[in-house]
Amino acid sequence: MIHLSNITKQHGSQLLFRNAGFQILPGVRTGLVGPNGAGKSTIFRLITGEEEPDAGEISCARKTVIGHFSQEVGEMAGRSALAEVMAVAEDVVRLGEAMREMEAAMAEPMADDEMAALLERYGAATEEFEHRGGYDLKPRAEAVLTGLGIAPEDHGRPVESFSGGWKMRIALARILTLNPDVLLLDEPTNHLDVESIVWLEEWLAKEFKGAVLMTCHDRDFMNRLVSRIVEVANSTVTTYAGNYDFYLREREVRREQLLASHRRQQEMLAKEEEFIARFAARASHAAQVQSRVKKLEKIERIEIPAEQRVIRFEFAEPPRSGDDVLAIDGLAKSWPLPGGGEKSVFGNISGMVRRGEKIAVVGVNGAGKSTFLKILAGQTEPSAGRLAVGANVFPGYFSQHAMELLDPAKTVFETVQEALPTANVGTIRNLCAAFLFQGDAVEKRIGLLSGGEKSRVVLATLLARPLNLLILDEPTNHLDIQSREILLDALRKFTGTVLLVSHDRHFLRSLVGRVFEIGGGELLVYEGDYDYYLGKSGRTGRAA
């Protein structure tokens, strides 16, 4: 379908690939993985023709339709959400119009050879129209928008009235509605809640028949969809036949085999070099020495690729809080409406948070999860009810909004130093290094950082303080899978209390022992882990 053969690509002084290649096969779901900056997005741009390889060849089957979803939304304005989604298939709409014109022409008298030619064109157009999903274009666009969390009553809203995250959903809906032969997805779950992630997972598994190549930081999503992994790392591309968990196991096996081969080669080289050094000055051994020198020159050295850098940290032992950390009694929250009156987010919520608990706060999109966490963190006041904070409780709050509050003019070092005013330079640099800001990277301005880098800065400032209550709103949003695993491991070992909202099901399943579900304005408490909640609520993985 699409073949990348012997591709070499360099950006400035950075060599991304050398003689790399892989194939995108019909109907196959492939995960694209690798460290940040390795060249995953470049592969997407090479396939779409936005960039050209420095060497090598990219071949694509004729008439292959490629749909590419990236984190760049582009300009959206001047039409409704539904119209914006359907606009992506303008050529399909035009094809339908051409078919109607041909149907009208067939009703008119014409010569047999003209009719035969017209029928042939009409047959080809009909086949293409059906292949591109032209017969159900509008209902498909409506179903995709609804599945991604945009209610039917909002399909007619002007697209510019949606926030950035919701525009990302509309952009994703555009690509899915296109129904391409090859779907390129760059972090499709980034701005979705669990309901929408599960819908997308099922749609790709059951409805979409084309090939998929995707990057994704959601481990469950990858495992359930892909049957092949393409790893981009160390200027090479390596293919693994299996899902993400298989890839992790197989990569470790291959690395151990490579290390063993490297050790054996180093032992052999050492012996040969010792022989050459010992007998180089002896005329009686000159032929043997020269033979071994030539042999060593021809040997291809086994190189051990550098391991991917990931966040590495542990929380310091927090001060002990009282047994009752938070007492929630009849909390309610309403927002004022522009025309007067109020919109209720939730009401009469009650519960208790005890020391050492790891609690997931779940609920459908718009249920009020983030607002609930803000009240618990003291970031906003409730409209009614009471929140009692226990003895010796020191809370820390993480949210995407906290990333926006960072001073863009300050450096990474200065930002972390503010959270640790009494620490020495070495301590601050070590903390920055734990979050992958090493060397000159600590002098980077906040305004120049990516979303993932800003997320790491905020997590570093949280870690800098002696906290025993962590309130985390989507802490994994911009972290890659490896960094999520490190954060997960640190939170497992954290002896304080954690409340979090996350759309990463693997993260929730591996961490929490209790679930608060907000829905219908009420709070339901599940005294068990995430799988217990799924079973008791009857959702079986469909919502959180």
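Here's a quick tour of two loop residues and one pair of helices. Keep in mind that this is a predicted model. Most residues other than glycine have a negative phi. K63 has a positive value, and so has E187. Helices α5 and α6, meanwhile, pack with their axes 9 Å apart.

**Two loop residues with positive phi**

- Let's start with K63, whose phi is near 65 degrees, a positive value in a residue other than glycine.
- You'll find K63 in the loop that runs between β4 (55-60) and β5 (66-69).
- Is K63 buried or exposed? K63 counts as exposed, because its relative accessibility is 61% and the cut-off for exposed is over 50%.
- Next up is E187, with a positive phi near 55 degrees, and this residue isn't glycine either.
- E187 sits in the loop between β6 (182-186) and α7 (194-207).
- E187 counts as buried because its relative accessibility is 8%, and buried means under 20%.

**How α5 and α6 pack**

- Now look at helix α5 (residues 137-147) and helix α6 (residues 164-178), which pack at an angle of about 145 degrees.
- The crossing of α5 past α6 is right-handed.
- Which residues of α5 and α6 make the contact? On α5, they are L137, R140, A141, V144 and L145, while α6 brings in I170, A173, L176 and T177.
- Sorted by class, the contact of α5 with α6 has seven nonpolar residues, plus one polar and one charged.

Conventions: Residues are numbered from 1 along each chain as its sequence is written. This is a predicted model: local features need pLDDT of at least 70, side-chain atom pairs count only at pLDDT 80 or more; totals for chains, interfaces and linings use all residues. Side-chain values use heavy atoms; hydrogens and water are left out. Helices (H or I, at least four residues) and strands (E, at least two) are DSSP runs, numbered from the N terminus. Buried means under 20% relative accessible area, exposed over 50%, partly exposed in between (1.4 Å probe, protein chains only). Axes are lines fitted to C-alpha atoms, for helices over the stretch in contact, and angles run from 0 to 180 degrees between N-to-C directions. A crossing is left-handed if the near helix is turned anticlockwise from the far one by less than a right angle, and right-handed if clockwise. Contact means heavy atoms within 4.5 Å. Ala, Val, Leu, Ile, Met, Phe, Trp, Tyr, Cys and Pro count as nonpolar, Asp, Glu, Lys and Arg as charged, and the others, Gly among them, as polar.
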